[in-house]
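Here are a few notes to help you find your way around. Have a look at the structure first, then read the points alongside it.

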Amino acid sequence: MRNSLLIALREWKERIGSRSFVALSLAGPLVVLGCIYLLFAFGSQPKQHWKVLIADPTGLMANKIMPGEDQAVDYAFADGYIEIDEFANAKKYQGFDALLEVNEKVLSNKVSHVFYRNEPSVRMQTKVQYHYERRLEEILVGEFTDLSLQDFRKIKQPITVKFTNAYDPEDKASDMTGWVGFFYGALIFAFIFLFGMTILRSVSREKSNRIVEVLLASVSPNQLMVGKIIGVGLAAFAQFVIWMVVIAVGLYFMRENLFPDLLDASKMNVQELVLSSAEQSYQEAHFAAREYNQFVDLIYSQVQFFNMTGFFLLFFAGGYLFYGALFAAVGATMGSESDGQQFVLPLIFLLIFALYSGYYVLNYPETTLATFFHYLPFTSPVVVMVKLSIGYEPGHAYEIYLAFFVLLIGAFIMMAIASRLYKNGILQFGHRVRLKHLFKWLKRS
Amino acid sequence: MLEVKNINKSFYRNAALTDVSLHVNKGEILGLLGPNGAGKTTLIRIINRIVQQDSGSVRFDGNLMTEKDLQHIGYLPEERGLYKNMTVEAHAIFLARLRGLSKKDAKIKIEYWFDRFGINDWRKKRIEELSKGMAQKVQFICTVLHEPKLLILDEPFSGFDPINVELIKQELIEMKATGKTIILSSHNMKSVEEICDRVVLIHQSKKVAEGKLSELQEERKLGLYAVRFRGSMIAFVNALWTGFEVVDKQILGDDRFEVSLKMRGENSFDDLLNVLIGQVKMEAAWEVLPSMQDVFIEIVQTKKEIEDEK
């Protein structure tokens, strides 16, 4: 054990002293923060400004729409029919983003068409629909009731009906949180690949510069392999901690300085926003609030970072031991540093398959295949993260620990197999790795 | 000190070692000789527990060898490497600690050995900055740093210039004097002749000869004698007459020669000296023993001929 620790210590020092480690420790979290910044910044930007031409040949609208002002949309009226081709191609209409066609039957069939040049955001669609709907309401109230418009508005109160999952009243398991779980899983595999390759390169370098024989005169191949996996794993762990700290500090900084209003928790309550917008339709208010808050809400309140990070570390450790042993074995079986790339490819496929399994579970969390992926050591680190963020059924939390237990057993079996390949391959030089070699080395004690 | 008994090892049905036994006494330097691919490195790896033998045993200090005994062995493999991006000192400390030394003790030993080899200025340099010879010195120091009882050196002189070969040789002789046991595998026969007490020769996975150098040479001597003299070659040949046969001659100068010859009949070395003294000016005369290289080649070729005949 002492020797394994010495090997681990050397590996750890070499890794954290390398330029690539320092670069990745800073660049990685900054890229993540940059992406989050862009999502926030994009989400809080004023909506695109639109010019809408209303073709109203019957004069139903009386050249009027929306009493209030909305800076996001400008309306103009045309009193004749406009063909789509004409709107699309005629020079005089090029200044308009969309054409709203008010036909004479709208009051009976309640259908109108909007022809656009570039697809509008859902928010813009809602705005136009809202403005048009309110103007038609005015007309309908005047035509079919004796009520004043003010009285009509009083009657037409927005009622919020919230549909809530009885098992998940706080909606922690929305699609978005599922993606956060997937992100965590992907992060596990990104780290496994990154540091797995580090193990592989380190082993093959020791082989090619022949230091391995000096080491093997003092430590057993198993101790050497375990020491290497632990040392590189500790470096990976250190890097992860740095990532988490930098990202946490970055998010805090963003909340306090860059987006103080956007990220104000008091403005993140959908219900409150809806109620305060009595003048707006429920649809509009709800949509605006949802769009405004969804990502922010996800990052700052829905995701249970502490919980997720705890399980992330557990499954990262298990997954890393499982795959790390495989990478070490491949490194040991390589005849030269350039050789053996052919065996890296299947490993990469395996990692991609694991990521795909996470995506599959995100979409079909309750299928038998999802359950299989949940316990399969090759895929469980990413799948458990996804399931964890979607949420386990009450009383099924033991499934996480069961999956971890299976992963640990898988890791130990993989270590045993890898140790055999490592032991028998580490002193073979200059050969081309073939599958038959691997089988022979596996059989040999 | 070390006893290897009936070791067998094969790789994929190819025998690497067949029933090899040998022993090394305390304070002895044993030369392990053999052509490339004979099985020397496999034997050394088995002694170092890097490779497991199929059968047979290795005893260290009278007991079956265990992993713990590795701390008393210093091993310098033929193809040795260093971590290129480590400093010389960090590298030496790392390997010394793997061999059981504490960091503090390792530093004390490093101080001593770096001084002794004159590389104290290099301790903070990275290995990649060292010349090949310098790196070889570091490797040698790393091998002996933990003061092992048994040193196993596979081609320790390769890569060294003659001055450093001499330096290493002197170190080995001094270590032997302090009671260290050394196994030396080398193709440098001159060095083997100079410092080894006994040799073991391995050929095609089998031990084919073992013994003291002088014994092996004695067994294979061809009855040749050499004489170095000043004078006339004609006078020299006339003096020999029919009692001796000239095998070879070398002209060293205008009237200076070195001649190899064989005795005829019952003639002895004394007879040779008697007939020559007074005829030429004798500088030296000696019995020619086969060099270690000759012994090596002779044994290997004899075995090959026997194999061919089979």
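1. Putting chain A and chain B together buries about 2,400 Å², and carbon and sulfur atoms give 55% of that area. Please keep in mind that this is a predicted model. The contact involves 23 residues of chain A and 27 residues of chain B.

2. Which residues of chain A lose the most area to chain B? They are A:Arg10, A:Glu213 and A:Ala217, which together make up 24% of what that side buries.

3. A:Glu213 is worth a second look. Its side chain meets that of B:Arg45 in a salt bridge, at 2.8 Å from N to O. The count of salt bridges between chain A and chain B is 1.

4. Next, the interior. The largest nonpolar core has 168 residues, and those touching the most other members are A:Phe315, A:Tyr323, B:Leu2, B:Leu43, B:Phe140, B:Leu172 and B:Met292. Helix α12 of chain A (residues 305-333) supplies the largest share of this core, with 15 residues. A second, separate core has 18 residues, including A:Val106, A:Met124, A:Leu136 and A:Ile139.

5. You may like to zoom in on A:Phe315. Leaving aside residues up to four places away in sequence, A:Phe315 touches A:Ile188, A:Ser380, A:Pro381, A:Val384, A:Met385, A:Ile400, A:Ala403, A:Phe404 and A:Leu407.

6. Finally, the surface. In soluble globular proteins, nonpolar side chains tend to be buried together. Here, a nonpolar patch of about 560 Å² lies on the surface, made by A:Tyr398, A:Leu402, A:Phe405, A:Ile409, A:Ile413 and A:Ile417. Of these patch residues, A:Phe405 lies in helix α16 of chain A, which covers residues 398-425.

Note on methods. Residues numbered from 1 in each chain as written. Chains lettered and ligands numbered in written order. Predicted model: local features only at pLDDT ≥ 70, side-chain atom pairs only at ≥ 80, totals over all residues. Heavy atoms only, no water. Patch = residues over 30% accessible without salt bridge, like charges linked within 9 Å, V, L, I, M, F, W, Y side chains within 5 Å. Areas by Shrake-Rupley, 256 points an atom, 1.4 Å probe, with all protein chains shown as cover. Salt bridge = Lys/Arg side-chain N within 4 Å of Asp/Glu carboxyl O. Helix = DSSP H or I, 4+ residues; strand = E, 2+ residues; numbered from the N terminus. Core = buried A, V, L, I, M, F, W, Y, C linked by side-chain atoms within 4.5 Å. Buried < 20%, exposed > 50% of the residue type's maximum accessible area, 1.4 Å probe, protein only. Contact = heavy atoms within 4.5 Å. Buried area = accessible area lost by both parts, 1.4 Å probe.
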